[in-house]
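Colleague: Hello! I am new to this one, so could you walk me through it?

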Amino acid sequence: HMYTIIDLGQLSKFGVTYWLPLASAANIAQGGATLAVALKTKDQKIKSMAVPSALSACMGITEPAIFGVNLRFGKPFVMGCIGGAFGALFASVTGLGATGVTGIFGILLCLNNPVSYILMFVIAFGAAFVLTWLFGYKDTNVSEKTESIEAVGDKSTTEKSNADDSVLYSVSEGTAILL
């Protein structure tokens, strides 16, 4: 909502706002990065969260994608930012302006140049998807996680059995009472 004043100023001066296509590129790119995570993961819980999050990001609501998936794994968020930068660069070079909302519905408010708007979407989404697929997300195998947890458990059991009676020291004095 803080950009509304910028949009209103640009709308009154130029008849279009140049900010909304940039914001649309960012939204679509986060959706592309999230979809790459959804298609690459074998974890059903992540997949069930990532697919609808990617769809909502393409509609202009990025919070589920950013906070539920991309920031959780880190690199997908960065790849989404890079994809958004590519889309925003295209929008800036072509002078793409809009008159309303972000996301896919923004096409309806950019009827003076819908082809450029769609190309901007393809560039942002595609770059974020490909970068996330190649560099931004590595699906960890569930069996590997289980084996590493079991190894840690075995180590702590061994350490406990080898340890002699330990003395516990306190930094303060007092009396222990039952709750």
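What follows is a short conversation about this predicted model.

Colleague: Thanks for sitting down with me. How many helices and how many strands does the protein have?

Modeller: Happy to help. Reading along the sequence gives the pattern α-α-α-α-α-α-α. The count is therefore zero strands and seven helices.

Colleague: In which helix is confidence lowest, and in which is it highest?

Modeller: As a starting point, the mean pLDDT of the protein is 83, with 83% of residues reaching 70 or more. Confidence is lowest in helix H7, residues 142–162, where the mean is 49. At the other end, with a mean of 96, the highest confidence belongs to helix H5.

Colleague: Good to know. How is H4 oriented relative to H5: roughly parallel or roughly perpendicular?

Modeller: Two packed helices are described by the angle between their axes and the distance between the axes. For H4 (residues 63–73) and H5, the axes are 4 Å apart and the angle is about 105°. Angles of 65 to 115 degrees fall in one class, so H4 is roughly perpendicular to H5.

Colleague: And which residues in H5 are met by residues in H4?

Modeller: From the H4 side come Ile-66, Asn-70, Leu-71 and Phe-73. Sorted by character, the residues of this contact are five nonpolar, one polar and one charged. Their partners in H5 are Lys-75, Pro-76 and Phe-77.

Colleague: Which helices do the buried residues of H4 pack against?

Modeller: Let us name those buried residues: Ala-65, Ile-66, Gly-68, Val-69 and Asn-70. One of them, Ile-66, also takes part in the contact with H5. The buried residues of H4 pack against H2 (19–40), H3 (44–58) and H5.

Colleague: Which residue just after H4 takes a positive phi?

Modeller: Helix H4 covers residues 63–73. Just after H4, a phi of about 85° is found, and the residue that takes it is Gly-74.

Colleague: Is Cys-58 buried or exposed?

Modeller: The cut-off for buried is under 20% relative accessible area. Cys-58 has 11%, so Cys-58 is buried. For Cys-81 the value is 40%, which makes Cys-81 partly exposed. To come back to your question, Cys-58 is buried.

Colleague: How many disulfides does a search of the whole structure find?

Modeller: A disulfide needs a pair of cysteine sulfur atoms within 2.5 Å. Searching the whole structure, the number of disulfides found is zero.

Colleague: Last one: what percentage of the residues in the protein is buried?

Modeller: The protein has 179 residues. Among contacts with a separation of 6 or more, 72% join residues 24 or more positions apart. As for burial, buried residues make up 36%.

Note on methods
Residues are numbered from 1 along each chain as its sequence is written. This is a predicted model: local features need pLDDT of at least 70, side-chain atom pairs count only at pLDDT 80 or more; totals for chains, interfaces and linings use all residues. Side-chain values use heavy atoms; hydrogens and water are left out. pLDDT is the predictor's confidence in each residue, from 0 to 100. Helices (H or I, at least four residues) and strands (E, at least two) are DSSP runs, numbered from the N terminus. Axes are lines fitted to C-alpha atoms, for helices over the stretch in contact, and angles run from 0 to 180 degrees between N-to-C directions. Angles under 35 degrees count as roughly parallel, over 145 as roughly antiparallel, 65 to 115 as roughly perpendicular and the rest as oblique. Contact means heavy atoms within 4.5 Å. Ala, Val, Leu, Ile, Met, Phe, Trp, Tyr, Cys and Pro count as nonpolar, Asp, Glu, Lys and Arg as charged, and the others, Gly among them, as polar. Buried means under 20% relative accessible area, exposed over 50%, partly exposed in between (1.4 Å probe, protein chains only).
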